[in-house]
Amino acid sequence: MSRVYNFSAGPAVLPEEVLKEAAEEMMDYRGCGMSVMEMSHRSKMFQQIIDDAEADIRTLLSIPDNYKVLFLQGGASQQFAAVPMNLMVNKKACYIQTGQWAKKAAQEAKLYGDVHIVASSEDKTYSYIPDCSDLPIDDDADYVYICENNTIYGTKYKTLPNTKGKLLVSDVSSCFLSEPMDITKYGVVYGGVQKNVGPAGLVISIIREDLIRDEVLPGTPTMLKWKTQADNGSLYNTPNCYAIYICGKVFKWLLNNGGLSEMQRKNEEKAALLYDFLDSSKLFKGTVRKEDRSVMNVPFITGDEELDAKFVAESKAAGMENLKGHRTVGGMRASIYNAMPKAGVEKLVSFMEDFEKKNLK
Ligand SMILES: *Cc1c(COP(=O)(O)O)cnc(C)c1O
């Protein structure tokens, strides 16, 4: 067996301990004679798995009792529709456009009401987070929407926007569980888990209880009504059982490794290795304004497309996969999520040093 260093933006690297444990339990989960993939979602065994997962994520994020945790399908993209369907009482919302995911969310919301783009960084290829201290938030806006870590462009909000008292909704897909967060500052937080937490096909939504309403937009599908899911403990229909099980293992792994403060320390240390090198390099450069840099997704370029392609090919041959940038922006991107060991980033940096020596004209 040989494992590569996988810098994929998602689906992405998972902790080896978790994969090993899942492999050990594959044929016979804790003496029940079957795998988690084969058991009823109505069984006691599975109920224990989902209950434990919820309890552990509550501990990790210190989620207050007046917030529900829902394990849903359809990915983060499905929540782009669920958010307006459940929240647009006044049919108006403010969106901050910091990249493709925020833009897609805004476009989806436009199907259901007025969408006001109150700030955008599109003018500079989304390479920064706009000043959000005094935005023109509408008095009758139902919520203010952000994408907190921009997976493709590598930016991250270091301070949350001033929503002028309106509800904040945040897509945290690519920074989910990378650091502690204060859930009370949000109305809704959700993340597709395949970036930093688990396998694809599951989105976890953390929603303040009073926002889980009977009155939703007319025509909202039963499945997209948060109330349906909340009333049924995320088991209205068959959930993504296996993904919930793996996420549960990742939550335990996080708890056993010092929780989210320790994870943040490690993540910042890994990111600093890479950013410090980028800042001193004569060949490579980061593409994001310094104060807005993501600790999870690090895009960089040489400024020469041919050289970028050579870098991607040679790094792959050296055992570092998926360093190619997103198809829409080119260049390179290293996603260095929780499960990426420091040794992986060290190897990348030393490979970049070498590549620079050989290719700097
Ligand atoms: C990947 C990603 C999405 C889309 O996730 P799906 O689960 O594929 O729908 C949405 N938002 C962000 C920030 C992402 O990184």
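Start in a loop: select I129, which lies between β4 (114-120) and β5 (144-147). You are looking at a predicted model. Is I129 buried or exposed? Its relative accessibility is 7%, so I129 counts as buried, the limit being under 20%.

Now show what surrounds I129. Leave aside its neighbours within four places in sequence. I129 is then in contact with T98, N150, T155, K156, Y157, R289 and D292. Next, draw a distance from I129 to V169. The two are 40 residues apart in sequence, and their C-alpha atoms are 16 Å apart in space.

**Zoom out: the whole chain**

Show the full chain as a cartoon. You should find nine helices and 14 strands. The radius of gyration is 21 Å, close to the 21 Å that the globule rule gives for 361 residues, so the chain is as compact as a globular protein of that length. Turn the C-alpha trace along its principal axes. It spans about 65 × 60 × 30 Å.

Colour by burial next. Buried residues make up 56% of the 361 residues. Then consider the contacts with a separation of 6 or more. Of these, 68% join residues 24 or more positions apart.

**Stop one: α1 and α6**

Select residues 16-24 for helix α1 and residues 241-256 for helix α6. Two packed helices are described by the angle between their axes and the distance between the axes. Here the angle is about 130° and the axes are 9 Å apart. An angle of about 130° falls outside the parallel, antiparallel and perpendicular ranges, and α1 and α6 are therefore oblique to each other. The crossing of α1 past α6 is right-handed.

Show side chains at the contact. From α1, pick E17, V18, E21 and A22. From α6, pick Y242, Y245, I246, K249, V250 and W253. By class, the residues of this contact are seven nonpolar, no polar and three charged.

**Stop two: α6 and α7**

Keep α6 on screen and add helix α7, residues 259-280. What is the angle between α6 and α7? They pack at about 80°, with their axes 7 Å apart. Roughly perpendicular covers 65 to 115 degrees, and α6 and α7 are therefore roughly perpendicular to each other. On the α6 side, the contact is made by W253, L254 and L255. On the α7 side, select G259, L260 and M263. This contact has five nonpolar residues, one polar and no charged. W253 is worth a second look: it takes part in the contact with α1 and in the contact with α7.

**Stop three: N267**

Stay in α7 and select N267. Its relative accessibility is 1%, so N267 counts as buried. Which residues does N267 touch, not counting those up to four places away in sequence? They are S178, V295, M296, I336, Y337 and N338. Now draw a distance to S178. The C-alpha atoms of N267 and S178 are separated by 7.3 Å, while the residues are 89 apart along the chain.

**Last stop: α8 and α9**

Select residues 305-317 for helix α8 and residues 342-359 for helix α9. Their axes are 11 Å apart, at an angle of about 135°. That angle makes α8 oblique to α9. The crossing of the two helices is right-handed. From α8, show L307, K310, F311, E314 and S315. From α9, show L348, F351, M352, F355 and N359. The residues of this contact divide into six nonpolar, two polar and two charged.

Methods
Residues numbered from 1 in each chain as written. Predicted model: local features only at pLDDT ≥ 70, side-chain atom pairs only at ≥ 80, totals over all residues. Heavy atoms only, no water. Axes fitted to C-alpha atoms, helices over the stretch in contact; angles between N-to-C directions. Helix = DSSP H or I, 4+ residues; strand = E, 2+ residues; numbered from the N terminus. Parallel < 35°, antiparallel > 145°, perpendicular 65-115°, else oblique. Left-handed = near helix turned anticlockwise from the far one by under 90°. Contact = heavy atoms within 4.5 Å. Nonpolar A, V, L, I, M, F, W, Y, C, P; charged D, E, K, R; others polar. Rg over C-alpha atoms; globule rule 2.2 N^0.38 Å. Buried < 20%, exposed > 50% of the residue type's maximum accessible area, 1.4 Å probe, protein only.
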